[in-house]
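The following exercises concern strand pairing and burial in a protein model. Please work through each task before reading its solution.

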Amino acid sequence: MKPASLISIVALGIFASAWPVLAHHSFAAEFDSDKPVQVTGAVTKVEWTNPHARFYVDVKDDQGNVTNWNIELGPPLILQRLGWRHDSLKIGDQVTVEGYSARDGSKMANAKKVTLADGRSVFAGSSVKEKPAQ
Amino acid sequence: MRLLYIAICLCWSSLAAYGQTGSLSGSVSNQAHAPAPGMTVEAKNIQTGIYYKAISSPKGEYTIAQLPAGTYEVSVLSLLARPFIKKDVGVAAGQTQHVDIQLSVDDTQNTLGELGAYLAVASTRPPPPVGPAPKMPDGRPDFSGVWTTPASNIVPLIFTPPVELLPWAEAIVRERLLTGARDVPSSRCLPSSLVVGLTPVEYVQTRTVLVQLMEDVTAEHEVFLDGRSHPSDLEPTWRGHSVGKWDGDTLVIDTVGFNDKSWLFFLVPHTEMLHETQRVRRPDLGHLEIETTYQDPATFKTPAKFKVVSVLTPDEEVHEVVCENNQYSEHVK
């Protein structure tokens, strides 16, 4: 392998969305990019814990059966630096979550997009007004 | 006469070898179809199991020359893209086989609140404060402060670790890349890589000790400045035992007593023989230069050396990191 000085920073930017294990574990190992999922329901619980924040959503199917989904986010120490807090989502909030299902088929997903009923997005980019959202 | 005979033989064998070799070349591009420089392209000879490699150029081009004719498996393995593997690539004597490599990124990595989003915002930080480097009452430099390393400095080390590995270690790195590094110690709530600094690290310095506070499971590390030596009966630990001595305005931190569980650069194995030397200096108020050398003759062909320059980020705080919920890692397949 060659010294890092050879690496173009431009190339890093192109890969900027992919940080598999720099934090805690590889999302690719836990979630399957061939299994996109979208669920809508009411938030039942928010866990503001390291290394991953998560929240739970009651999802009702066509027959009225309710399944509780476990939605994984990044770590609070980063979400907080982006201006998000544990109460950015409140119990009972109606949300639509787009993400990817767990490889083992359990009712888990990682969140790629979380949208409130009024159309606002949460946990995406920065909520800090003076900093441009990315 | 005898020398002439040897020379003729050497010439003939070189020509014969040349005649039996071919080459492999092509381009490496990222998911946006733009050139991907700095990527390690490997070709494994299926008959011999020997690996040959090249690094893609700034234009994303690569050439692996002098390949013995045969069948190869061409691969690019990186933490930042899905593994690329092309099997049954034939290389004929005197010919150049062309293989273009298109990389793709796993979209599951775009999880909300992961490092990508943070780094994008962190890159908009204002420049660090300006001024002379502060001094301790005894005239030594004072490194105290909250330090953050720009992603543009530290990420290339993870992108392509600056190491020359022995074959056993190379094999482990390949295996870790193929499995998406899913067994990295931090996935089991164990300490992160020894390379830290993407999130803030606080240095608190007294006359006799330098304390490093980190956002990691091992939240603190002590560097003793009181002249003591390493204990002779060290038990291996995750961050080892550190002593610091001044060389002018540079603090030379010597660390031994590591266990063999860390993944250097989030990827690279090492043994308990690992010996870390860091030369740390603060050229001005806002910058901290850290030159690190890893020596581990059981792992590296030559010592691994790299430098990071951290910037003072007074508005940052080191957050508590208690690893509470990686029990979900049982879902990792």
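**Exercise 1.** How many bridges join strand E11 of chain B to strand E12 of chain B, and do the two run parallel or antiparallel?

*Solution.* The model is a predicted one. Step 1: locate the strands; E11 covers residues 209-213 and E12 covers residues 220-224, both in chain B. Step 2: count the bridges; there are 5, and the two strands run antiparallel. Step 3: examine one pair; B:Gln212 has B:His221 in E12(B) as its bridge partner.

**Exercise 2.** Which strands of chain B close into a barrel, and in what order?

*Solution.* Step 1: list the strands; the barrel consists of 9 strands in the order E9-E10-E11-E12-E13-E14-E15-E16-E17 of chain B. Step 2: state the pairing, which is mixed. Step 3: add the geometry; neighbouring strands of this sheet are turned by 30° against each other on average, direction ignored.

**Exercise 3.** Identify the strands that pair with E1 of chain B, and give the sense of each pairing.

*Solution.* Step 1: take strand E4 (residues 61-68), which pairs with E1(B) in the antiparallel sense over 6 bridges; here B:Thr63 is the bridge partner of B:Ser25. Step 2: take strand E7 (residues 96-98), which runs parallel to E1(B) and is joined to it by 3 bridges; B:Thr96 stands opposite B:Ser23. Step 3: take strand E8 (residues 101-102), also parallel to E1(B), with 2 bridges; B:Gln102 is the partner of B:Ser29.

**Exercise 4.** Why is strand E1 of chain B described as largely enclosed by the rest of the structure?

*Solution.* Step 1: apply the cut-off, since buried means under 20% relative accessible area. Step 2: count; 8 of the 9 residues of E1 (residues 21-29) are buried, and therefore the strand is largely enclosed.

How values were computed
Residues numbered from 1 in each chain as written. Chains lettered and ligands numbered in written order. Predicted model: local features only at pLDDT ≥ 70, side-chain atom pairs only at ≥ 80, totals over all residues. Heavy atoms only, no water. Pairing = 2+ DSSP bridges. Helix = DSSP H or I, 4+ residues; strand = E, 2+ residues; numbered from the N terminus. Axes fitted to C-alpha atoms, helices over the stretch in contact; angles between N-to-C directions. Buried < 20%, exposed > 50% of the residue type's maximum accessible area, 1.4 Å probe, protein only.
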